[in-house]
2 protein chains.
Amino acid sequence: MPAVTAHIGMSLDGFAAGPNQSPENPVGVGGMRLHQWLLSTRAWHEHWGREGGAESVDSEVLAETLHGVGAYIMGRKMFGGGDGPWDTSWRGWWGDEPAFHAPVFVLTHHPREPLVMKGGTTFIFVTDGIESALDQARETAADQDVSLTGGANLVRQFLAAELLDELYIHLSPILLGSGERLLDDVGTPTLEQIKVVASDKVTHIKYRVVR
Amino acid sequence: MPAVTAHIGMSLDGFAAGPNQSPENPVGVGGMRLHQWLLSTRAWHEHWGREGGAESVDSEVLAETLHGVGAYIMGRKMFGGGDGPWDTSWRGWWGDEPAFHAPVFVLTHHPREPLVMKGGTTFIFVTDGIESALDQARETAADQDVSLTGGANLVRQFLAAELLDELYIHLSPILLGSGERLLDDVGTPTLEQIKVVASDKVTHIKYRVVR
């Protein structure tokens, strides 16, 4: 059965983003350090249609998280463009041909027409909540997984609502000291550790949410 | 060169103890779940002079943390007996023959004569702070390591004071939701991930503190 999955970077002290997040810097101060491990991977380069990058454990993990995804769900903060009504000149951070190659359901309080990008990515704006977004994403994904792209707030909402099946955490050996915690206020769901893989930069741990 | 090490259990949401800690229950509600992985190991049984227990990755990790330690440093809360002046009938939680088999320097605000136990464990009470405890422990340990037994507060103090060389975290797939965080208010020391080992119950990650 297709799963609802999330994969997200976390610091050892539990933050998915640094302090002083803003529309211009949604990952906060120092937050990009949590994603350094993926930038050098072969899978990341391939995902964006580029040559190069290194074959590595990290690359394999990234490829795994990108495989078999039929639809994505994304938080408004991650899509960008501020948090008020839309300025429709804002088309996301990812250029004309984003690497999702699938429908991306963007949660927002402000309606907007779907945005069809090159390469199979369509941003669809959902204003009636996470369950509606999930229903639509599941229908689109059919027998493939639905993947949460983040940010942390979206993952927290899905965990708290008991709608998440798999949580894949990329745990960096970094202390941010402050910022946005990934796992605050999600209740205490039961997790089962189902996979652990590590490079010298990061430890990847996949958890199944037991229901 | 001998190192100052700490090994401590942590929940995925960053807690080393659950809520409602008390002198009778220093690990707080649910906190013992963070230590379940070690109770069934061969190394734990051997440490306490008992037969049985399972050979496993977890057992190897525990044996590693117990090897080559010349002296321990312990927080008052972990030693127990309340937090006021000593009732000298309190001799710790570990019976007449504790499994430390080495000097244990206990940090406290209240002076007390050393307590000589069977099997080589002596509890030595230190009232003039962590640096004094460390000096004494280092001198006693000579060419062996000094290990912090915990609790979390002690580990935090050593991290914040830049006195810790190695932090070995046993990360359980557990969300406690509240309690005592291991890594709050320690500043942002630079860590290097030097070892990752996992069983199906817990992920062990050893970090070197870079100075």
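**Two-fold symmetry, the nine-stranded sheet and helix H5**

A turn of 180° with a shift of 0.0 Å along the axis lays chain B on chain A with an RMSD of 0.0 Å (least-squares superposition on the C-alpha atoms of residues with pLDDT of at least 70 in both copies). That is the relation of a two-fold axis. The same surface serves both copies, with 100% of the contact residues of chain B recurring in chain A; contact here takes C-beta atoms, placed from the backbone, within 7 Å of each other. Of the residues of chain B, it is B:Gly14 that comes closest to the rotation axis, its C-alpha sitting at 3.1 Å.

This is a predicted model, in which local features need pLDDT of at least 70 and side-chain atom pairs count only at pLDDT 80 or more, while totals for chains, interfaces and linings use all residues. Residues are numbered from 1 along each chain as its sequence is written, with chains lettered from A and ligands numbered from 1 in the order in which they are written. On confidence, chain A averages a pLDDT of 96, and 100% of the residues score at least 70 (pLDDT being the predictor's confidence in each residue, from 0 to 100). For the complex, the predictor gives an ipTM of 0.94 and a pTM of 0.95.

Now to the sheet of chain A. Nine strands line up as S5-S6-S4-S3-S7-S1-S8-S11-S10 in an open sheet with mixed pairing. Helices (H or I, at least four residues) and strands (E, at least two) are DSSP runs, numbered from the N terminus, and two strands pair if DSSP finds at least two bridges between them. Strand S5 (115-116) and S10 of chain A are the edge strands, each pairing on one side only. Towards the S10 end, strand S8 (residues 166-172) of chain A and strand S11 (residues 203-210) of chain A are antiparallel, with six bridges between them, and A:His170 faces A:His204 in S11(A). S11(A) also pairs in the antiparallel sense with strand S10 (residues 190-198) of chain A, this time over eight bridges. In that pair A:Val196 stands opposite A:Ile205, and the two strands make a hairpin with four residues between them. Elsewhere, S4(A) and S6(A) run parallel and are joined by five bridges, with A:Phe123 in S6(A) as the bridge partner of A:Val104.

Helix H5 (residues 130-141) of chain A has 12 residues and reaches 16 Å from its first C-alpha to its last, close to the 16 Å expected at 1.5 Å a residue (1.5 Å times one less than the number of residues). Its buried residues are A:Ile130, A:Ala133, A:Leu134, A:Ala137 and A:Ala141. They cover an arc of only 95° around the axis, which puts them on the same side of H5(A); the arc is that of the directions from the helix axis to the C-beta atoms. A:Glu131 and A:Glu139 are exposed on the other side of H5(A). (Buried takes 20 or more other C-beta atoms within 10 Å of a residue's own, exposed 12 or fewer, and partly exposed lies in between, with C-beta atoms placed from the backbone.) The cover over the buried residues of H5(A) includes strands S1 (4-11), S3 (69-74) and S7 (145-150), as well as helix H6 (152-160), of chain A. Just after H5(A) comes A:Ala142, with a positive phi of about 55°.

In chain B, B:Glu131 and B:Glu139 are exposed on the face of H5(B) turned away from its buried side, and B:Ala142, with a positive phi near 55°, follows the helix.

Technical notes:
Contact = placed C-beta atoms within 7 Å.
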